[in-house]
Structures are given as structure tokens and as C-alpha cells.
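Hi everyone, thanks for coming. I'd like to walk you through one structure today, starting with a pocket and ending with some aromatic rings.

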Amino acid sequence: MKKITSAILAITSLLSLILPATSFAASDIERFDVVIASTAEVGKSIDITVKAVDKDGEIVKDYAGTIYINVMNDSKATVPHSAWYTFLAADQGQKTFSKGLIFTKEGTAKIEVDDFDRSKVKGSA
């Protein structure tokens, strides 16, 4: 039994080094505000800003969760950080990905941002 317990502890310790820690003010964040330019050219990179906000629209500065960015109607669009990003303390609840978004199709685009750990926390532009 001692060997199994030791193995489990070793695996748990290893996972804590590999996987990013997720911490956020769970009761505070309600949604993401996603800001992009109102117009963009196909093939040209534009900025995208994601803000973690509470029910009053205030930025949750201690948000440190992981988000997934998806362009719903342009599967070949380029998104920041291969679509996944974990907020850092230095982000203070908002992150601008400079020239991080490139569309490949003309038309109206819908960008959706989801919290990895909390499926009800979303945002779109």
C-alpha cells in the first residue's frame, strides 16, 4: 500500500508542475467583454481584447483562469495562442492580443470566448 500511495503523490506533484494553476474570484466573474475592430480585412491581423468582468461591468483584476477563443464561422481564422490562454497576474483581468486575430473569410464574424473551468462564463463579439 505504501508504494501505491507514494506513486499517487508523485503523479499529483508532477501534474501540479505541468498543469497551470487556475485561480479566480469565483463569485465575481460573470462574463467576458470581447473587443475587436468593427471592420477588418481578410488576411490582415487585428487586435483582440478580452476582459473578465463582474455583474456590474467592472474588470475582475485577480482573474487568472484559462480561456478558449473561437471564431464560430471561420474555422481557418488565426486566433491568439493557439486558441488557449491562461490569464497572468500581470494581465489584471484584461488581455490585448496585439495583431492576434486574422480572418480568412468575408462576412460577419462571431468570436466566442469561453472559460475553461466554468462553462457558463462566456463572451462574444
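So, what volume does the largest pocket have? About 290 Å³. Please keep in mind that this is a predicted model. Lining that pocket are 15 residues, and those closest to its centre are Ala 40, Phe 103, Gly 107, Thr 108 and Ala 109. If you sort the lining by character, you get 6 nonpolar, 5 polar and 4 charged residues.

Now to the rings. The count comes to 6 aromatic pairs. Let me show you two of them.

In one, Phe 32 and Tyr 63 have ring centres 5.7 Å apart, with the planes at 70°; edge-to-face begins over 60 degrees, so this pair is edge-to-face. Phe 32 sits in strand S1, residues 31-36, while Tyr 63 belongs to the loop between strand S2 (45-53) and strand S3 (66-71), so the contact ties together parts 31 residues apart in sequence. Are these two buried or exposed? Phe 32 is buried, at 3% relative accessibility, and Tyr 63 is buried as well, at 1%.

The other pair is Tyr 68 with Trp 84: their ring centres are 4.7 Å apart and their planes at 55°, so we call it tilted. Here strand S3 supplies Tyr 68 and strand S4, residues 84-86, supplies Trp 84, so the parts tied together are 16 residues apart in sequence. Tyr 68 is partly exposed, with a relative accessible area of 30%, and Trp 84 is partly exposed too, at 42%.

One last thing to look at on the screen: Phe 32 and Tyr 63 come back in an aromatic cluster, joined by Tyr 85, Phe 87 and Phe 97. Thanks, and I'm happy to discuss!

Technical notes: Residues numbered from 1 in each chain as written. Predicted model: local features only at pLDDT ≥ 70, side-chain atom pairs only at ≥ 80, totals over all residues. Heavy atoms only, no water. 1 Å grid on protein atoms, 1.4 Å probe; cavity = no way out; pocket = protein on both sides within 12 Å on 5 of 7 lines; lining within 4 Å. Points joined across faces, edges and corners; volume = space filled by probe spheres on them. Nonpolar A, V, L, I, M, F, W, Y, C, P; charged D, E, K, R; others polar. Phe/Tyr/Trp six-rings, centres within 6.5 Å; stacked < 30°, edge-to-face > 60°. Helix = DSSP H or I, 4+ residues; strand = E, 2+ residues; numbered from the N terminus. Buried < 20%, exposed > 50% of the residue type's maximum accessible area, 1.4 Å probe, protein only.
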